[in-house]
Amino acid sequence: MAAGRPPDRKVLGVGRLEISDLITAVDAGSGARLPVRRDEVVRRLRESGDERAVRIVRRLPVDRDGVLDPGAVDRLLIGVHTELQRLSEELRIGERLVDPVGPLFDAIREVGGQNGQGGPYRLVDVGCGLGYVVRWLAATNALGPDVELVGVDLDAALVGEADRLARAEGLTCRFVHGNAFGPAEAATVYVSTGLLHHFRGPALGEFFRAQAASPAQAFCHFDIAATRLAPIGAWIFHRARMRHRLGRHDGVVSALRAHSDETLLRAAAVPGMRALLYEPGGLANPFCTTLRPIIGVRPQLEAPFRRALGRAARRMVGEEHFAGAGVVAGAAVGVEAGGAAGAGAGATR
């Protein structure tokens, strides 16, 4: 794809890969960093038909064995994520997340009070990157003093920078390098922004099942709405706001890889959780909707959650919304080689 031309689904396809998913690797068990050979990354990108991405990766420095320089990769990803934070600020991601998550915690407090079980509670941001959402929540105290704020990511460099920023800003929140679903960081509510499209095939369902199997009461994951305008909007927005070629490339590919409403609802409809999609395609303005959340609640929370949302609850639908649409769960998810870096354990956005 020429650098100056908008994306075309027929040219790019949905099999394209994000460079940031390929240039770092960690051991899922220990979190230890693994070496990544540049030639292997180039091979995978070339097989996907993405010569533009190949040119970007070929510029990255390697050692004499052809392994990508981890320091250079870390600096690049921190730079890209810094620009992504600016986009999050412009898109008011913090405020948009609080719209459903605030009522979620209100519902949890109501049910907990009825059962004689109060706080404190814990919000865990999965794949937190530089921790913008967690730091914004800490700075605004938007969820109340009884909610502990934790960001988790498998990328140690990003977590380290998130922690440095939080300390410099004097914020009360924590950042952890490791598995978001481990018992040490058990959450009341899991959240993420821009993470779900990284999971392909069975990994998407596994991600939701891990949360249902945890003590969590709910989850709320914002991701790109899969509209026809999304790739063009991403191309315009990232060219205008991002300097890094990698960030521009991955921003467009992210929009192309966005999951459909049906795919998300069916993948999130796991035993023990009621899956709800906020602002599905049929109820949203495609010119305004960039990200929207898939929400999961324990069954006893649905009624109080809807009450807490008030009139906004009308913009939320369950899996029955697509009944009769002829979408088979397995086919809707779609299998694609490769999953997110750290699938099920805090992948990097």
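This short presentation describes the fold, the packing and a few individual residues of one protein chain.

Good morning, colleagues. Please keep in mind throughout that we are looking at a predicted model. I shall begin with the chain as a whole, move to the sheet, then to the helices and the nonpolar cores, and close with three residues.

The chain contains 14 helices and 8 strands. Of its 349 residues, 56% are buried. If we take the contacts with a separation of 6 or more, 78% of them are between residues 24 or more positions apart.

Let us turn to the sheet. Strands of a sheet pair through backbone hydrogen bonds, and they may do so in the parallel or the antiparallel sense. Here we have an open sheet of 8 strands with mixed pairing, and reading across it gives the order β3-β2-β1-β4-β5-β7-β6-β8. The edges are formed by β3, residues 174–177, and β8, residues 316–317; each has a single partner strand, so one side of each has no neighbour in the sheet.

I would draw your attention to two regions of this sheet. The first is the pair formed by β1, residues 121–126, and β2, residues 147–153, which are parallel and joined over 6 bridges. Within that pair, Y121 is placed opposite V147 of β2. Helix α8, residues 156–168, lies across β2 and β3, and it runs at about 165 degrees to β3.

The second region is centred on β7, residues 291–297. How many residues of this strand are buried? The count is 7 of 7, so β7 is largely enclosed by the rest of the structure. Both of its faces are covered. On one side the buried residues are L291, P293, I295 and V297, and on the other they are R292, I294 and G296.

The partners of β7 may be described in turn. Strand β5, residues 218–224, runs antiparallel to β7 and is joined to it by 7 bridges. In this pairing, F222 has P293 as its bridge partner in β7. Strand β6, residues 274–278, is also antiparallel to β7, with 4 bridges between them. There, L277 has I294 of β7 as its bridge partner.

I now come to a pair of helices. Two packed helices are described by the angle between their axes and the distance between the axes. For α3, residues 38–47, and α4, residues 51–58, the angle is about 170 degrees and the axes are 8 Å apart. The two helices are therefore roughly antiparallel. Their contact brings R38, V41, V42, L45 and R46 of α3 against E51, A53, V54, V57 and R58 of α4. Sorted by class, that contact consists of 6 nonpolar and 4 charged residues, with no polar ones.

Next, the nonpolar cores. In soluble globular proteins, nonpolar side chains tend to be buried together. The largest nonpolar core in this model has 43 residues, and the members that touch the most others are F105, L123, L137, L149, I295 and F305. Helix α6, residues 93–114, supplies the largest share of this core, namely 9 residues. As an illustration, L137 contacts L97, V98, L123, A142, L143 and L149, leaving aside its neighbours within four places in sequence. There is also a second, separate core of 30 residues, with V126, V150, A187 and L196 among its members.

Finally, three individual positions.

The first is L45, in helix α3. Is L45 buried or exposed? Its relative accessibility is 0%, so L45 counts as buried. Beyond the residues up to four places away in sequence, L45 touches L17, I19, L22, D50, A53, V54 and V57. From R16, L45 is 29 residues away in sequence, while the two C-alpha atoms are 7.6 Å apart in space.

The second is T24, which sits in the loop between α2, residues 19–22, and α3. With 13% relative accessibility, against a cut-off of under 20%, T24 is counted as buried. Setting aside residues up to four places away in sequence, T24 touches R33, V36, V73, L77 and D155.

The third is C128, in the loop between β1 and α7, the latter spanning residues 132–140. C128 has a relative accessibility of 1% and likewise counts as buried. Its C-alpha atom is separated by 8.4 Å from that of L158, a residue 30 positions away along the chain.

Thank you for your attention.

Notes: Residues numbered from 1 in each chain as written. Predicted model: local features only at pLDDT ≥ 70, side-chain atom pairs only at ≥ 80, totals over all residues. Heavy atoms only, no water. Pairing = 2+ DSSP bridges. Contact = heavy atoms within 4.5 Å. Axes fitted to C-alpha atoms, helices over the stretch in contact; angles between N-to-C directions. Parallel < 35°, antiparallel > 145°, perpendicular 65-115°, else oblique. Nonpolar A, V, L, I, M, F, W, Y, C, P; charged D, E, K, R; others polar. Core = buried A, V, L, I, M, F, W, Y, C linked by side-chain atoms within 4.5 Å. Buried < 20%, exposed > 50% of the residue type's maximum accessible area, 1.4 Å probe, protein only.
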